Amino acid sequence: MVIAVEKYLLEKIEKEGTIHMTLIDPEKVSPSSASQLATEAEACGTAAIMVGGSTSFSTSDLDAVAKALKESVKIPIILFPNGVTGITKYADAIWFMSLLNSSDPYFLVGAQVMGAPLVKKYCLEPIPLGYIIVGEGGAVSVVGKAVPITYNEKERAADYALAAECFGMRFVYLEAGSGVRQHVPTEMVQAVKRATHLTLIVGGGIRTGEQVKKIAKAGADIIVTGTVLEENKGLHKIKELIDSMKGSKKAH
Ligand code: 1GP
């Protein structure tokens with residue numbers, strides 16, 4: 001069932017081309033600085049705020065940050081959970097995700113079985129997502145026990161995305177890992193986009209407008225940035241990233 005937040009995202013992509021999402025890690029920011037970042041990002045045109053982090057396990061930190069965000073912005077708050085502790089009622093939707101190249105059943109389906117009743121209880125909109133970790137993958141790769149897909153294995157990444165599509169997932173996320181030096185290669189973005197009809201999210205290690213432009217041109221529908229916005233406070237960086245998406249023609 002396609003409902004509110006997913007519909008909003010798809011319509012925005014249809015209208016604007018590639019869109020931007022801001023990732024906030026509740027372990028790295030206070031509720032007030034999260035609010036400030038989200039307010040600035042919203043003013044610059046970010047489409048939604050994602051909340052989560054691979055090493056954050058405190059539900060009280062998550063509740064406090066997500067609550068502050070809900071009270072500060074009108075754009076959707078989408079949970080990006082690392083497990084059951086990544087779920088809070090102070091959100092609109094949740095990436096209901098499976099880490100497809102994990103070697104641990106917990107990240108494939110175990111956490112989801114435990115989390116699903118909470119998703120229902122809190123009336124969160126679940127958006128089905130195939131999550132694929134590429135390259136070194138940063139902390140999420142270690143925590144999620146990922147079997148690496150190297151930067152040059154674009155066909156393998158495309159096969160994973162195809163499997164996600166066959167499962168009925170509607171979004172796929174190519175993740176290089178938060179704060180890594182090398183983002184997902186544009187050739188891989190292109191290969192995944194060509195192989196499936198899924199809405200394609202790309203994130204991890206994206207820092208400049210130039211990189212955003214190339215990844216958007218390669219076919220990303222959504223580009224996520226977190227670290228670079230934590231490191232560069234103020235409107236300037238967010239504007240640079242979002243402005244770089246404008247007019248980027250996607251290769252399909
Ligand atoms: C991490 O893809 C996101 O899950 C964002 O990565 O923090 O490197 O922007 P960065």
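The following exercises, with worked solutions, concern a predicted model of a protein with its ligand.

**Exercise 1.** Determine which residues come nearest to the ligand, and characterise the shell by class.

*Solution.* Begin with the surroundings: 13 residues lie around the ligand, and Glu175, Ser178, Gly179, Gly226 and Thr227 come nearest. Next, sort the shell by class: three residues are nonpolar, nine are polar and one is charged. Finally, locate the site: the ligand takes up the space of the largest pocket.

**Exercise 2.** Identify side chains that make polar contacts with oxygen atoms of the ligand, and state how much of the ligand the protein covers.

*Solution.* The cut-off for a polar contact is 3.5 Å between N or O atoms. For Thr227, a side-chain N or O atom is 2.5 Å from a ligand oxygen. For Ser178, the distance from a polar side-chain atom to a ligand oxygen is 2.6 Å. For Tyr173, the separation between a side-chain N or O atom and an oxygen of the ligand is 2.8 Å. As for cover, the ligand on its own has 300 Å² of accessible area, of which the protein covers 96%.

**Exercise 3.** Classify the aromatic pair of Phe80 and Tyr173, and place both residues in the chain.

*Solution.* The whole structure contains five aromatic pairs. In the pair of Phe80 and Tyr173, the ring centres are 5.3 Å apart and the planes differ by 10°. Planes under 30 degrees apart count as stacked, so this pair is stacked. Phe80 belongs to the loop between strand 3 (77–79) and strand 4 (93–99), whereas Tyr173 lies in strand 6 (residues 171–175). The pair thus links distant parts of the chain, 93 residues apart.

Methods. Residues are numbered from 1 along each chain as its sequence is written. This is a predicted model: local features need pLDDT of at least 70, side-chain atom pairs count only at pLDDT 80 or more; totals for chains, interfaces and linings use all residues. Side-chain values use heavy atoms; hydrogens and water are left out. A residue is near a molecule or strand if one of its heavy atoms lies within 4 Å of it. A polar contact is a pair of N or O atoms within 3.5 Å; within protein, one must be able to donate a hydrogen and the other to accept it, and residues adjacent in sequence count only if both atoms are side-chain atoms. Accessible areas come from the Shrake-Rupley method with a 1.4 Å probe; for residues, only the protein chains shown count as cover. On a 1 Å grid over the protein atoms alone, a cavity is a set of points where a 1.4 Å probe fits but cannot get out, and a pocket is an open set with protein on both sides within 12 Å along at least five of seven lines; lining residues have an atom within 4 Å of a point. A molecule sits in a cavity or pocket if more than half of its atoms lie within 2 Å of its grid points. Ala, Val, Leu, Ile, Met, Phe, Trp, Tyr, Cys and Pro count as nonpolar, Asp, Glu, Lys and Arg as charged, and the others, Gly among them, as polar. Rings of Phe, Tyr and Trp (its six-membered ring) pair if their centres lie within 6.5 Å; planes under 30 degrees apart count as stacked, over 60 as edge-to-face and the rest as tilted. Helices (H or I, at least four residues) and strands (E, at least two) are DSSP runs, numbered from the N terminus.
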